[in-house]
Amino acid sequence: MSPDAAAVATVRAVARPSALGFWVGFAIVLAALIAAPLVLPEFWRRFVTEILIWGLLAMSSDILIGYTGMVSFGHSAFFGLGMYGAAAALLSVKPPNLWLALLYGLVAAAAVAAFVAYFSTRLRDIYFSITTLVFSQIFYVIIFTWTAVTGGENGLTFSRPPLAVPGLFSIPFTPETLHWFVLAVVTASYLILRRIMRSPFGMVLQGIRENEPRTRAIGYHVERYKIVSVMLSGCFAGLAGVLYAVQNKFAAPDFVFFLISGEVVIWNVMGGIGTLVGPVVGAAFFLLLREMFSRFLTEYYLIPVGIIFTAMVIFVPQGLIGFLRRKLNQ
Amino acid sequence: MTIPVDQILIQTLNGIVTGMILALVASGLTLIFGIMDVVNFAHGELFMLGAYVGTTTMVMSGNFWLSLVVATMTIALLGAAIQVTTLRPLLGRDPLTTILATFGISLVLQNYALWQYGPVPRKILEPFTGHFNFFYLEYPWYRLVIALLSAAIITALYLFLKFGTYGVWIRATTQDRIMAAAMGIPVPAVHTIVFAIGSGMAAASGVLFGPLIGVNHAMGLDWVLKAFIVVVVGGMGNLGGSILASIFVSLLEAYASLVVSPAQAVIVSFVALILTLLFRPTGLFVPTPK
Amino acid sequence: MSATPARTAPLVAVEGIHTYYGKSHILHGVSLEVKTGEVVGLLGRNGVGKSTTLKTIMGLVHPTEGVIQLEGRPITRLPAYRLAKLGIGYVPEDRRIFRLLTVMENLRTGLDRHGVAESRKRELLDKVFQYFPVLAERRNQAGGTLSGGEQQMLAIARAMMLEPKIILLDEPTEGLMPRMVSQIREIVGALHAEGVAILLVEQNVPLTLEASQRVYIMEKGVVRHHAPASDLRHDDAVIHQYLGV
């Protein structure tokens, strides 16, 4: 190999983030999460499981915000519909069936996503954001007031379905196995999403975020990509909703309120948009802050957390992951 | 199902009164957006804090009008402080960041109010009671006064913008921020002052509206959502449009609450927004550019 | 003690300016100067960075390197509104008058400054209406209803309201009829007679050579040639080389 070629190869190897490094890190984190229910007290075990679920929600929202450049305040609607869809399955069909809950939840979320997708192709930027916000409020009002079907303010409670393959076996979940189930679903989702975002499809989405007119001019049918993006995002958010329902055995309208969507956006920004991992970190960070602050300040934890968030928007807009990346590259 | 005529009349009046207050809130929002391209998510909280300052001043002084003035001034100053510390550094960045920053601020302000004032709603007493006769019905004087006062404040704003010295500066900055600066207009100061004016207007609305409902820390949420809807339906940056839209939407909601519960009547405004965005995206009352 | 006075600092001195638009490197080290009361021309093909140079001087774009001085004082990163107050007037390409403001209101944006007596304001208005009678006629009309030539006059009049020491003129004759072009030529002459310096960016080479004392020619983001206008009037070779005319 000529000296020049060797030099180029060396530079390339150093400059590109090592794939090996990523997988090693991934394996370590995964191992820690698998071990978690075995070593942590119940409260923290539950906390980690919830971080995983919210992390999935945050990831789904990153598809829209980070990759396609469409800021959606409507994720609470997708999440909520997934949750209520699962509730419907678990309440109406006896014995309660996990897979049916997943199906109902995903279908409900997909229906809402189709609705939002239709609008997403017609509205830009701020108008899209406000509309998604309005959508989550519409669903909130419907759910809140249609007491007969949705239980109104009090929501719905139901029992947790067992992990079952009809005809083969049926094991009720223990806290550990539930955690591992959630972990499996979230990890699989992450890997799938990662694959998709790195594919040509994902590249086009990023092209839409960077410069929509140019992407269109090159010949891509931007509307179709946006629709798929919204559907993808909505389905994974709905999946998070189903997991939440299964974990907590209740569904409540609070989760459909637009403030939840706002919190999701906060996690995305805090963690770093467009990284898939970032929003999960952001969610964990936010929830940890909330936990810490509420020990000292009870309900007013949002005051310091809100201040931290606002400061981050101004000074660290690339989020924690972006910040770390920069530090590591220096 | 027939609805008695007098209920329709009452709701018409209620719709107009609520519409005027909404117009006052929305004018501040649209002013801020028109000039600075800032979507002020914290606007509802400024409304709410204005109402709270109003309650405190009422308790100390017993004078409603004094409370109105004090609340407006205080919140205007707060708005100026917020703009200088958090929004000025964001000038020129992606508009998404201002939405996020103002959202963060709204969370802080909301919870601050909860912390300071507690969860129990407070009341502002009406400055005068008594009803007047509207056809054969009785309608409270105070509500009429709110509508008139809101109209007066909005008119004052309009006159200031059209004829005042600094009004020209503000309008020039709205149209072309770069050339305004090239003409020596201190654009950053103009932005701060406009934000302060918008905040003050929101606070005034809060105090005026206070006697109609309880003052509590979450009251801003409903209003900010409605105000956004109205600003979009009326045409963003269009003062006249947002006023018309405010009254239009409030009337629709008032009529709707004759048929469904008030909690459900809000869907009317949501539907109005969606229809507007689909068919007349520049604003219901703005002719669509060809 | 030296018998000859030290050379007075130029009114505006630009040294080694590098300006970027995003990632595009537009100015690669521009240096030029304008002395008090001088008319200086800035010529060059489209896209070489002439407008960007004016915008950098006016503080509308900030350079990454280099220094700009006004009367010897560094002004490099000051915001535009400070520079306007310090005496730099700017008349952009495509005029950019405030379309929804009336002619009077457009003028007032420059006129309503602190520390200017009402009588002085009236004098300035009278002067400008003398130069541009058509603006006096249309004083209550919205800027957007004026014709192209009238808008150009308004843009210049508006800058004059600042009583600037130097006016940066960006392609004032673009798109104007010949009659208007000669009116612009007269205005430049009149401003020069009043002692206002002018940095004139133009595509109209003959007009620039006639109106200016000195001329800079730019190419690809740098100043390539600099000569008194009188020399260039007869130097077709240079004109052809840089401007392809």
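What radius of gyration would a compact globule with 290 residues have, and what does chain B have? A compact globule of 290 residues would have a radius of gyration near 19 Å, and chain B has 19 Å, which agrees. The model is predicted. Among the two pairs of chains that touch, chains A and B share the most contacts. Chain A and chain C have no contact between them.

**Chain B as a whole**

- Chain B contains twelve helices and two strands.
- Along the sequence, the pattern of chain B reads α-α-α-α-β-β-α-α-α-α-α-α-α-α.
- Taken along the principal axes, the box filled by the C-alpha atoms of chain B is roughly 60 × 55 × 35 Å.
- Of the 290 residues in chain B, 52% are buried.
- If one takes the contacts in chain B with a separation of 6 or more, 75% of them are between residues 24 or more positions apart.

**A helix in chain B**

- Helix H5 of chain B covers residues 141-163, which makes 23 residues.
- At 1.5 Å a residue, H5(B) should span 33 Å; the C-alpha atoms at its ends are 32 Å apart, which agrees.
- The expected span is 1.5 Å times one less than the number of residues.
- Six names make up the buried set of H5(B): Arg143(B), Ile146(B), Ser150(B), Ile153(B), Ile154(B) and Leu157(B).
- An α-helix has 3.6 residues a turn, so residues three or four places apart point the same way.
- The buried residues of H5(B) pack against four elements of chain B: helix H1 (5-36), strand S2 (137-140), helix H8 (187-209) and helix H10 (239-259).

**A helix in chain A**

- Helix H8 of chain A runs over residues 175-198 and has 24 residues.
- At 1.5 Å a residue, H8(A) should span 34 Å, and its end C-alpha atoms are 34 Å apart, which agrees.
- Buried in H8(A) are Leu178(A), His179(A), Val182(A), Val186(A), Ser189(A), Tyr190(A), Leu193(A) and Met197(A).
- The cover over these buried residues includes helix H2 (19-39), helix H3 (42-68), helix H9 (200-210) and helix H11 (222-248) of chain A.

**Where chain A touches chain B**

- In this contact, 28 residues of chain A meet 34 residues of chain B.
- On the side of chain A, two or more residues each come from helix H6 (125-145), helix H12 (258-271) and helix H14 (302-315).
- H6(A) gives the most to this side, with eleven residues.
- By class, the side of chain A that touches chain B has 19 nonpolar, seven polar and two charged residues.

**Where chain B touches chain C**

- Chain B puts 17 residues into this contact, and chain C puts in 21 residues.
- Two helices of chain B, H6 (165-175) and H7 (177-182), give two or more residues each to the side that touches chain C.
- H6(B) has the largest share of that side, six residues.
- The side of chain B that touches chain C divides into twelve nonpolar, three polar and two charged residues.
- Chain A and chain C are not joined by any contact; their closest C-alpha atoms lie 14 Å apart.

**The open sheet of chain C**

- Strands of a sheet pair through backbone hydrogen bonds, either parallel or antiparallel.
- Chain C has an open sheet of four strands in the order S2-S1-S4-S5, and the pairing is antiparallel.
- Strand S2 (24-34) and strand S5 (73-74) of chain C are the edge strands, each pairing on one side only.
- Five bridges link strand S1 (residues 12-21) and strand S4 (residues 65-70) of chain C in the antiparallel sense.
- Across this pairing, Glu65(C) in S4(C) is the bridge partner of His18(C).

**Strand S6 of chain C and the loop after it**

- Strand S6 of chain C (residues 88-91) is covered on both faces.
- On one side Ile88(C) and Tyr90(C) are buried, and on the other side Gly89(C) and Val91(C) are buried.
- S6(C) pairs in the parallel sense with strand S7 (residues 166-170) of chain C, over four bridges.
- In S7(C), Ile166(C) stands opposite Ile88(C).
- Pro92(C) sits in the loop between S6 and helix H3 (103-111) of chain C.
- Is Pro92(C) buried or exposed? Pro92(C) is buried, because 23 other C-beta atoms lie within 10 Å, and the cut-off for buried is 20 or more.
- Pro92(C) and Ser31(C) are 61 residues apart along the chain, and their C-alpha atoms are separated by 21 Å.

Note on methods:
Residues numbered from 1 in each chain as written. Chains lettered and ligands numbered in written order. Predicted model: local features only at pLDDT ≥ 70, side-chain atom pairs only at ≥ 80, totals over all residues. Contact = placed C-beta atoms within 7 Å. Nonpolar A, V, L, I, M, F, W, Y, C, P; charged D, E, K, R; others polar. Pairing = 2+ DSSP bridges. Buried ≥ 20, exposed ≤ 12 C-beta atoms within 10 Å, placed from the backbone. Rg over C-alpha atoms; globule rule 2.2 N^0.38 Å.
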